[in-house]
Amino acid sequence: MAILLGSIADDYTGASDLANTLTKNGLRTVQTVGIPDPSLALPDVDAVVVSLKIRSVPASEAVTAATSAERWLRQRGAGHVLYKICSTFDSTDAGNIGPVTEALSDAAGGGVVLVTPAFPETGRTVYFGHLFVGGQPLNESPLKDHPLNPMHDANLVRVLTRQSRNAVGLVDLTTIAAGPGAVKMRLDSFSFRTAGVTAVIADAIFERDLETLGEVALETPVSTGASGLGLGLARALVRSGRISSGGATTADAIRPVGGLSAIVAGSCSKATLHQLDIAERSMPVLRLDPERLLAGPDEIAAAITWAGERISAGPVVIAASAAPETVSRLQSIYGREASGHAIEAATSIIATELVERGVRRLVVAGGETSGAAVDRLAVPAFLIGPEIAPGVPVLRTVGNAQGDMLLALKSGNFGGEDFFAAALAMMH
Ligand SMILES: Nc1ncnc2c1ncn2[C@@H]1O[C@H](COP(=O)(O)OP(=O)(O)O)[C@@H](O)[C@H]1O
Ligand SMILES: O=C(O)[C@@H](O)C(=O)COP(=O)(O)O
């Protein structure tokens, strides 16, 4: 199996978002969890998205994991590797978007790397290097209150410069509107030798901007971006005639699996909090007490008992999610990372216990939350099913010890208000 496009995703929801975009744009795609074990039989595909859980780990750890994944992808033929980051650029000043981008560039022999988190379908656009979420600059959007990676600067050239060894450039919209030739000339002007630049933030507002960027990026070994850049790369690959006929289908991935269904949420995003309020009208919802979760195992045991009493009658929802004031209070007592990781551990135990009790259709809300749950479940890979909402597909497990399951890994910010019911309606 030769891979045409390889990707390394910094979290698992982001990976399924990208895999969804690649599939929708014609590439047969599989999502692996980490570098797959050689014994795992992967289907014949055009693209592989290796999911890593490195968004919020120390940069040196992220670089080691990402460069190992890059070697694995190159050995299987990937001519281009996309580092999939969040469309809201979630990272801190000590974050790894800069270090991983520079390390992937070094591994490919140097060269300038296009970087853009733009994803117009979900309202993420970049103009003169400034990221907008819907109509708001990033630093005024709900991302300012993210529990792990609060975003306080919309100027991505500045954000990336703080994370990078080398200088960071900008390709502005005017250049992009002039087409691939103009973008290439601009990139050449940034060559490391003359300008000391490795990463270049690229503006993009419309899909046509991402098509231009995808065409240029495909001729380079590495790019960094969100699903929008994935769309550009996939369309460029299809236009190049290198995708064998047949394209991608998602029907096989949603064959019914039966079993019970549940939703576990650890995302504290505005979108998830509203989706939980809406779910409460049609499903039993248990709001976990975060302080009790951190105090010991009793809250987990109580949640499992609560679910056990209800789940045979229909789906249940268990959520650690809380509003920014509650999250801040907890963090001021236990620390930002310690409370985040402890709650991820708790929600992942709850997800695993539910699967042990017969859940085969599982929705997880939150990137880090999904990563922790999928790791504990030890799912090796996913086939990509149809889209539930922009950025969120139904996933079918591949090589799973508990038998086939259907999952949806929802990025915190994604999905309409009825997302949870909509997801379960597509999973049988
Ligand atoms: N009540 C809470 N207080 C503090 N942190 C929380 C709470 N509930 C969940 N968390 C943590 O917040 C983080 C949410 O991140 P994530 O799961 O990636 O969601 P998103 O997709 O919205 O970014 C996780 O580390 C999770 O454990
Ligand atoms: O690009 C995106 O916005 C998503 O794919 C993503 O990575 C979101 O992150 P989480 O909300 O932490 O899942």
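Mentor: Before we start, a bit of vocabulary: Ala, Val, Leu, Ile, Met, Phe, Trp, Tyr, Cys and Pro count as nonpolar, Asp, Glu, Lys and Arg as charged, and the others, Gly among them, as polar. This is a predicted model, where local features need pLDDT of at least 70, side-chain atom pairs count only at pLDDT 80 or more, and totals for chains, interfaces and linings use all residues. Residues are numbered from 1 along each chain as its sequence is written, while chains are lettered from A and ligands numbered from 1 in the order in which they are written.

Trainee: Okay, how do the residues of the shell around ligand 2 divide?

Mentor: Three are nonpolar, ten polar and two charged.

Trainee: And which residues are closest to ligand 2?

Mentor: Gly-14, Asp-17, Ser-87, Gly-367 and Ser-411, out of 15 that surround ligand 2 (C-beta atom, placed from the backbone, within 6 Å of it).

Trainee: Which helix gives the most to that shell?

Mentor: α1, with three residues. Helices here are DSSP runs of H or I, at least four residues, and strands are runs of E, at least two, numbered from the N terminus.

Trainee: New topic: at what angle do α1 and α15 pack?

Mentor: Helix α1 (residues 12-24) and helix α15 (residues 367-377) pack at about 100°, axes 7 Å apart. Axes are lines fitted to C-alpha atoms over the stretch in contact, and angles run from 0 to 180 degrees between N-to-C directions.

Trainee: What does the UniProt annotation cover?

Mentor: The unreviewed UniProt entry puts "domain: Four-carbon acid sugar kinase nucleotide binding" on residues 262-420; such annotations may be inferred rather than shown by experiment, with feature names shortened and positions in the numbering used here. Residues 262-420 are 47% helix and 25% strand, with end C-alpha atoms 10 Å apart.

Trainee: Which domains does the ligand 2 shell draw on?

Mentor: At least three residues come from each of domain 1 (5-239) and domain 2 (253-425), with bounds from an automatic or database domain assignment.
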